[in-house]
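Take a walk through the fold below, from the whole chain to its core and then to a cavity.

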Amino acid sequence: MVQEKISIAFVDDHPILLEGMQALFAAREQFSVVALGGSAGDARSIVDEYHPQILFMDLSMPGDVFSVMTEIVRKSSLTKIIVFTAFSSVDSALRALEAGATGFVLKGATFGELFDAVNSVIRGEMYITRLYASQVLSGLRNRNRKEEDQDVDLSVRERQIVAYLLQARTNREIASSLSISEKTVKRYMTNLMQKLHARNRVEVAMRAQELSEFKTSAPSVSLSQAAR
């Protein structure tokens with residue numbers, strides 16, 4: 001059985017980088033590069049025409065990048081956005097995540113990290129570049145401190161899963177520790193997202209840390225791991 005290729009598009013206003021990214025991913029048989037672009041407007045057009053599963057976008061290019069991200073996410077449930085940028089400010093990362101990006105990778109990342117980001121996002125997870133994760137996590141924590149701590153009724157199993165999540169455990173590791181299936185962990189994670197009004201695992205971790213029962217623990221969470 002032939003495995004279906006992952007369709008990818010790249011949007012960046014640096015032609016040399018575009019050529020390099022295209023060559024890098026085209027050399028891997030599991031990927032299919034469907035389009036290249038150089039502006040926020042190009043990103044919108046590419047999604048409308050090609051519907052790529054993964055869209056790499058730079059933040060520093062012509063057009064309102066954040067607005068286009070929000071528009072793409074609202075219009076297309078298929079396309080997942082990974083920001084690939086030289087901007088290393090926490091605010092840029094937070095704005096991108098709030099706009100709907102599910103990946104944020106700095107341009108100093110290794111090839112291996114780029115592939116990890118794609119595979120994580122395809123699995124429905126969020127990915128934040130490893131060298132930058134703690135700073136983004138700190139920014140999310142500071143923002144969430146402003147929100148009111150509300151009582152949330154979590155089951156014993158949900159509390160166990162949150163505790164492991166705050167230790168930066170992956171779904172597979174949580175499943176192994178609790179002797180349940182990874183599919184069951186994902187189901188509990190979906191329930192936690194609903195209860196904590198979170199959009200993804202990262203926000204579950206952040207919301208949980210604001211709950212009184214978890215405030216006493218101060219785990220060192222790597223966002224690139226907590227998102228898995």
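The paragraphs that follow start with the chain and end with a single residue.

This is a predicted model, in which local features need pLDDT of at least 70, side-chain atom pairs count only at pLDDT 80 or more, and totals for chains, interfaces and linings use all residues. Residues are numbered from 1 along each chain as its sequence is written, and side-chain values use heavy atoms, with hydrogens and water left out.

The chain has 11 helices and 6 strands. These are DSSP runs numbered from the N terminus: helices are H or I of at least four residues, strands E of at least two. Of its 228 residues, 47% count as buried, meaning under 20% relative accessible area with a 1.4 Å probe, protein chains only. Take contacts (heavy atoms within 4.5 Å) between residues at least 6 apart in sequence: 67% of them join residues at least 24 apart.

Now go inside. In soluble globular proteins, nonpolar side chains tend to be buried together. Here the largest nonpolar core holds 32 residues, and L55, M57, M69, I72 and F104 touch the most other members. A nonpolar core is a set of buried Ala, Val, Leu, Ile, Met, Phe, Trp, Tyr and Cys residues joined through side-chain atoms within 4.5 Å. The elements giving two or more residues to this largest core include strand 1, strand 3, helix 3, strand 5 (103-106) and helix 10 (201-209). Apart from it lies another core of 20 residues, among them F10, L18, A109 and V121.

Look at M57. Beyond its neighbours within four places in sequence, M57 is in contact with residues including V11, A43, M69, I72 and F84. Two of these lead to helix 3 (residues 65-75), where V65, F66, V68, M69, E71 and I72 are buried. The buried residues of helix 3 pack against helix 2 (40-50), strand 3 (54-57), strand 4 (80-85) and helix 4 (90-99).Next comes the cavity. The largest cavity has a volume of about 40 Å³. A cavity is a set of points, on a 1 Å grid over the protein atoms alone, where a 1.4 Å probe fits but cannot get out; lining residues have an atom within 4 Å of a point. The volume is the space filled by probe spheres set on the points, which are joined across faces, edges and corners. F10, L17, M57 and D58 are among the lining residues. Helix 1 gives the most to this lining, with 3 residues.

Finish at E158, in helix 7 (residues 156-165). Is E158 buried or exposed? E158 counts as buried because its relative accessibility is 4%. Leaving aside neighbours within four places in sequence, E158 is in contact with D153, Y188, N191, L192 and K195.

Terms used. Buried means under 20% relative accessible area, exposed over 50%, partly exposed in between (1.4 Å probe, protein chains only). On a 1 Å grid over the protein atoms alone, a cavity is a set of points where a 1.4 Å probe fits but cannot get out, and a pocket is an open set with protein on both sides within 12 Å along at least five of seven lines; lining residues have an atom within 4 Å of a point.
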